[in-house]
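Me: I would like a close look at a single part of this chain, explained slowly enough for someone in a first year of study.

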Amino acid sequence: MVSVINTVDTSHEDMIHDAQMDYYGTRLATCSSDRSVKIFDVRNGGQILIADLRGHEGPVWQVAWAHPMYGNVLASCSYDRKVIIWKEENGTWEKTHEHTGHDSSVNSVCWAPHDYGLILACGSSDGAISLLTYSGLGQWEVKKINSAHTIGCNAVSWAPAVVPGSLIDQPSGQKPNYIKKFASGGCDNLIKLWKEEEDGQWKEEQKLEAHSDWVRDVAWAPSIGLPTSTIASCSQDGRVFIWTCDDASGNAWSPKLLHKFNDVVWHVSWSITANILAVSGGDNKVTLWKESVDGQWVCISDVNKGQGSVSTSVTEGQQNEQ
Amino acid sequence: MEELDGEPTVTLIPGVNSQKKQMCFDWGPGEMLVCETSFNKKEKSDMMPGCPFIHIIRKNEDVYSQILRKLFNESHGIFVGLQRIEEELTGKSRKAQLVRVSKNYRSVIRACLEEMHQLAIAGKDPASDRQFSIQVSSLSAMELIWNLCEILFIEVAPAGPLLLHLLDWVQLHVCEVDSLSADVLGSENPSKHERFWNLPGNTQTLTELELKWQHWHEGCERHLQDGTFASSPHLESLCKIMLGDEAALLEQKELLSNWYHFLVTRLLYSHPTVKPMDLHFYAQSSLDLFLGGESSPEPLDNILMAAFEFDIHQVIKECSIALSNWWFVAHLTDLLDHCKLLQSHNLYFGSNMREFLLLEYASGLFAHHSLWQLGVDYFDYCPELGRVSLELHIERIPLSTEQKALKVLRVCEQRQMTEQVRSICKILAMKAVRNNRLGSALSWSIRAKDAAFATLVSDRFLRDYCERGCFSDLDLIDNLGPAMMLSDRLTFLGKYREFHRLYGEKRFVDAASLLLSLMTSQIAPRTFWMTLLTDALPLLEQKQVIFSAEQTYELMRCLEDLTSGRPVRGEPDAQQLQDDDVETTKVEMLRLALARNLARSIVKEGSLEGS
């Protein structure tokens, strides 16, 4: 049975665009059209406002928590073309960096796997993707991929870190050579896969074509130890695709249609063990999907916003959606 | 492919309902977040301001119940015990042992039930009373179902004993109704039967018993026909009941709390030697007769019916739907799997239903601040996805105290989950550095075998030393042992501290050799050489000659190297050294001291060598 265990009153004065739990589920970050980013401590069913961060000059679209090994670090992106990185120092939250390299709204931010260091990918309506890498002592290096998507980039999502060979016998002090990859979705209806080359430059590795309208979100599934890579994508065209690649070299991606919805699909996200995909659509619903043994994707639940105070029990019963 | 039934259920989130708003969703590590939003991004939201609420949703809220915790803890012990004795379960004793395990589970449920019942009637406040009552009926249903499954699937009672087991089952669960008559009805006749069955040391065969019973049954019928009881309608009714007349039984409906009580009573009087495979006929008709078309079967009824039909998968499926947590189906399915009753194919969501249910249950435990430890064992016994699920969940446990962190690390280390150990230690090490607890940071990075981080922390130590003139956490550095080899910088830190110790113990010659070797072996970073050379000063100015001529030459070479050397990024270059007055003075002093020492050492060595 699913039940509401806590309702946090964020006191945002305008529309909330994103809410993200931190790594441990103890803190909640929210951002809104009221230009603020707020952080709450939500342990034990409580809600304590820890920070009310001002700095953006327009609606804030997304927030993203960095891995806890870097401390408490949060990134936010906004219509005001800025990406701000906030950090908690000595118990107070402050702006630690501001990135203004875009000409248009920044729509999406996503932190890379912690194994790579502290790296943030940002996708913008100016079509570019920028990558901010923390190099120490308050310094951030920027790499920019111009014209990653024509018209605009709506979403970025990193591939999980693949452990190359054996990490155990690395010579002391040396960083292992990871192959860094991420996916982006844009207004050119495409999903693109990017790979970092030996010289540190980012190159477009693959183009995934299947959508007939703007790609609104991409989500690379967490790794569960299988050789398959999986990406979910959703679009203005109402479709959600699951892309899989069994090939070790990562070249042969094949899409499977999860479902065609009647409205724009805005958001897709994977549970932490990658066994459930949540899809948020324009039809006021969030649907949860699971893959069955024979490879079919099955809707297991509808989470719907509505009136009334009763939460009915959610079944793990199945329905085959064709 | 299994047929699917029913639409996925819709969960409504309470909140302001506006047709224009959409729902934003995110996964937390153990829960889900939803809030109202509008995805159509415009600069100005021209609709009404949004709802400021964010709802945190979770499944398996039961994890937080105090009493159920006992259930989780004790059943965990039974579960692990069962997995461990699997290899030893052989032959005839296997069934007996599995039945014992089943009874253990049931006694745990009953203990929990009893406790919760006490709380429910304690009368604290209506809301929690109601909550407890709901839990009580839920647990009660679980025990009822489990008991039936034990009789039918695990005990696999054959015709004869089957009915007796069912009688016990009904009495145990139904005769909690405090109705004296029900007791009478239930207990009077079994005693009559006991004379027939004589179970302990029963030497009669089923056929013999059947014949006896037939004989008795016919006798009763004759009495009824002959109107022996005509004068007393009550006695007549009783006789009809004993003959298993359904109508007569149904007349006493108020005494029969439910259809399965009716079923067993009916079987007792009409078909006491019922065979397991025939049960479902009587079950279905009993259900129909009892409900009498007035009401429809409830979920519990469907579950019991599926059990009577020996459809194990249906039982598990219905229970998964009807019950609020995974505890019941996970443990029951695991036990049935040990009884080799589950087919391993044609199941959704994983090739193995047992594993699927155990994974779901264990994942739920990880949402709890201490029950996660139980979850670890469940993951251990899931051969396919247990390990990777554990890896993903264990990293998300908030490391609120050092004790908890150590517990988590122990779990990872025991299972050679090196990535997770590294990640967790790194998080703790960085937290320690930020709080200036360098010793703690160092131990964590050593535990993580993280060379890069050890170097970073060692640098901090050395910097601290330069600023304050002393070391912190001496105990730790003194006892590094082989861990010192993790990184060059750490080795230097350890050796440098050793130098100080030797100096403190007045073992000057050893200290001097060590100091020199730190530079010549390149272990010491060049940025530190000035400090090392400065440390050499007191040794050079001792009364006795400590550095040999050879060593002095080496030192001089190092000094010259440093002062005239190619400027390397990050190091003070020759120009800087010249410009800085303090540095210049130091260099001058060193040169003087080295020269003096050289002279003295040459003389000393020269005079030792006899001619």
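Is A:Asn90 buried or exposed, and what is the relative accessible area of A:Asn90?

Reply: In this predicted model, A:Asn90 is exposed, because its relative accessible area is 76% and a residue counts as exposed when that value is over 50%. A:Asn90 sits in the loop of chain A that lies between strand E8, residues 83-89, and strand E9, residues 92-99. Its backbone deserves attention as well, since A:Asn90 has a positive phi of about 50 degrees although it is not a glycine. The surrounding stretch can be described too: the UniProt annotation "repeat: WD", which comes from an unreviewed entry, covers residues 53-96 of chain A, among other spans. The C-alpha atoms at the two ends of residues 53-96 lie 12 Å apart, and this span is 59% strand and 0% helix.

A useful companion is A:Asn44, which is found in the loop between strand E4 (36-41) and strand E5 (48-54) of chain A. Phi of A:Asn44 is near 50 degrees, again a positive value in a residue other than glycine, and A:Asn44 is exposed, with a relative accessible area of 81%. The same record's annotation "repeat: WD" also covers residues 9-50, a span whose end C-alpha atoms lie 13 Å apart and which is 52% strand and 0% helix.

For a contrast, A:Lys180 belongs to the loop between strand E14 (153-158) and strand E15 (181-186) of chain A, yet A:Lys180 is buried, because its relative accessible area is 16% and the cut-off for buried is under 20%. Leaving aside residues up to four places away in sequence, A:Lys180 touches several residues, including A:Tyr116, A:Trp158 and A:Trp194.

Conventions
Residues numbered from 1 in each chain as written. Chains lettered and ligands numbered in written order. Predicted model: local features only at pLDDT ≥ 70, side-chain atom pairs only at ≥ 80, totals over all residues. Heavy atoms only, no water. Helix = DSSP H or I, 4+ residues; strand = E, 2+ residues; numbered from the N terminus. Buried < 20%, exposed > 50% of the residue type's maximum accessible area, 1.4 Å probe, protein only. Contact = heavy atoms within 4.5 Å. UniProt positions renumbered as here; feature names shortened; annotations may be inferred.
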